[in-house]
Amino acid sequence: MFCAKATEKLNDKINLSISLAASPGHLPDFKMMVLFGCGALLLRGAGCTVNDLLDRDIDTKVERTKLRPVASGLLSPFQGLSFLGFQLLLGLGILLQLNNYSRILGASSLFLVFSYPLMKRLTFWPQAYLGLTFNWGALLGWSAIKGSLDPAVVLPLYMSGVFWTLVYDTIYAHQDKEDDLKVGVKSTALRFGDSTKEWITGFGIACIGSLALSGVNANIGWPFYAFLTAGSGHLAWQIWTVDLSCRSDCNKKFVSNKWFGAIIFSGILLGRYWS
């Protein structure tokens, strides 16, 4: 389930970037959005495959992950590697359809994708590294349309995604904190402990502020700011009401982030059309 929801959030950032890169008064390139949607599915799927291969010994000890295909023995490590090769081959086919700048930018994300699963063994901040990985699409979507990057627009957009990931994935990580302690892996849920809500409130404010800065620098129209206000309310709701001691509520709040992504996407879409 995490891979499916993770792909959804990765695709959100790509769609935001492509929409922001559209010309004023125009809708985003639908063909490019479909292409990137397929690419996001493949890239995030490859990341999940790598994660399942590297974590197969850990996953057997965690209640939520013990039935994953490699951990449960449904697939052998060799079959997992073969599937990974198939995913990467299809992803390469999509990447080759982009401009040269975007091909290099896209290929450079592979280091982040393949190294992310190791971070929970090395640092209490794997969620921050996940944010850097997931939100690469904010850079790639813009470059695919424009052929280059505008740092004043895409860097705040990228950082907003990193902060957003720190919010929702810290909430998600609270589902596994007991198991994580048992098997010896790290997370921001363990790092923040009882101070989690204060930390993720700060990340939420930074996310909204970065989105606003990106919108200002992109000269986007007023509807974006109206929707950004609504998105702020949604983010505040999930942070203030989440019961971090309840796995089902953590998962409910994690899943609800699809609505935050939809709100911000709608704001960029309408803001760019009316700018």
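The paragraphs below lead through a predicted model, beginning with its largest pocket and ending at its surface and loops.

The largest pocket has a volume of about 420 Å³. Of the 25 residues that line this pocket, Gly39, Leu43, Gly91, Leu95 and Gly106 are the closest to its centre. Several helices contribute to the lining, since at least two residues each are supplied by H1 (2-21), H2 (30-54), H5 (77-95), H6 (100-107), H9 and H10 (136-146). Among these contributors H2 gives the most, with seven residues. In chemical character the lining consists of 18 nonpolar and seven polar residues, and no charged residue takes part in it.

Two of the helices that contribute to the pocket, H9 and H10, can be looked at for how far the rest of the model covers them. Helix H9, which spans residues 126-134, is mostly covered, with seven of its nine residues buried. Those buried positions are Pro126, Gln127, Tyr129, Leu130, Gly131, Thr133 and Phe134. Helix H10 is largely enclosed by the rest of the structure, because nine of its 11 residues are buried. The buried residues of H10 are Trp136, Gly137, Ala138, Leu139, Leu140, Gly141, Trp142, Ser143 and Ala144. After H10 comes Gly147, which has a positive phi near 85°.

The charged side chains offer a second route through the model. Side chains of opposite charge can pair when their charged atoms come close, and a search of the whole structure finds four salt bridges. Arg247 takes part in a salt bridge with Glu178, in which the closest N and O atoms are 3.8 Å apart. This pair links distant parts of the chain, for Arg247 belongs to helix H16 (residues 247-255) and Glu178 to helix H12 (residues 177-183), with their positions 69 residues apart in the numbering. Arg247 also meets the side chain of Asp179 in a salt bridge, with an N to O distance of 3.6 Å. Because Asp179 lies in helix H12 and Arg247 in helix H16, this pair ties together parts that are 68 residues apart in sequence.

The partners of Arg247 can also be compared by their cover. Glu178 is partly exposed, with a relative accessible area of 48%, whereas Asp179 counts as buried at 8% relative accessibility. Arg247 itself counts as partly exposed, at 36% relative accessibility. Taken together, Glu178, Asp179, Lys182 and Arg247 are linked in a network of salt bridges.

Helix H16 also holds a salt bridge within its own length. Here Asp249 pairs with Lys253, and the closest N and O atoms are 2.8 Å apart. An α-helix has 3.6 residues a turn, so residues three or four places apart point the same way. Because Asp249 and Lys253 are four residues apart in helix H16, about one helical turn separates them. Both Asp249 and Lys253 are buried, whereas Arg247, in the same helix H16, is partly exposed.

At the surface, Leu27, Tyr273 and Trp274 make a nonpolar patch of about 370 Å². Of these residues, Trp274 has its place in the segment after helix H17 (257-273). Trp274 counts as exposed because its relative accessible area is 54%, and exposed here means over 50%.

The loops supply the last features of this tour. Most residues other than glycine have a negative phi. Asn219, although not a glycine, has a positive phi of about 55°. Asn219 is placed in the loop between helix H14 (196-217) and helix H15 (223-241), and at 61% relative accessibility Asn219 counts as exposed. A loop residue with the opposite kind of cover is Leu98, found between H5 and H6, which is buried with a relative accessible area of 7%. Along the chain Leu98 and Leu122 are 24 residues apart, and their C-alpha atoms are separated by 35 Å.

Terms used
Residues numbered from 1 in each chain as written. Predicted model: local features only at pLDDT ≥ 70, side-chain atom pairs only at ≥ 80, totals over all residues. Heavy atoms only, no water. Buried < 20%, exposed > 50% of the residue type's maximum accessible area, 1.4 Å probe, protein only. 1 Å grid on protein atoms, 1.4 Å probe; cavity = no way out; pocket = protein on both sides within 12 Å on 5 of 7 lines; lining within 4 Å. Points joined across faces, edges and corners; volume = space filled by probe spheres on them. Nonpolar A, V, L, I, M, F, W, Y, C, P; charged D, E, K, R; others polar. Patch = residues over 30% accessible without salt bridge, like charges linked within 9 Å, V, L, I, M, F, W, Y side chains within 5 Å. Areas by Shrake-Rupley, 256 points an atom, 1.4 Å probe, with all protein chains shown as cover.
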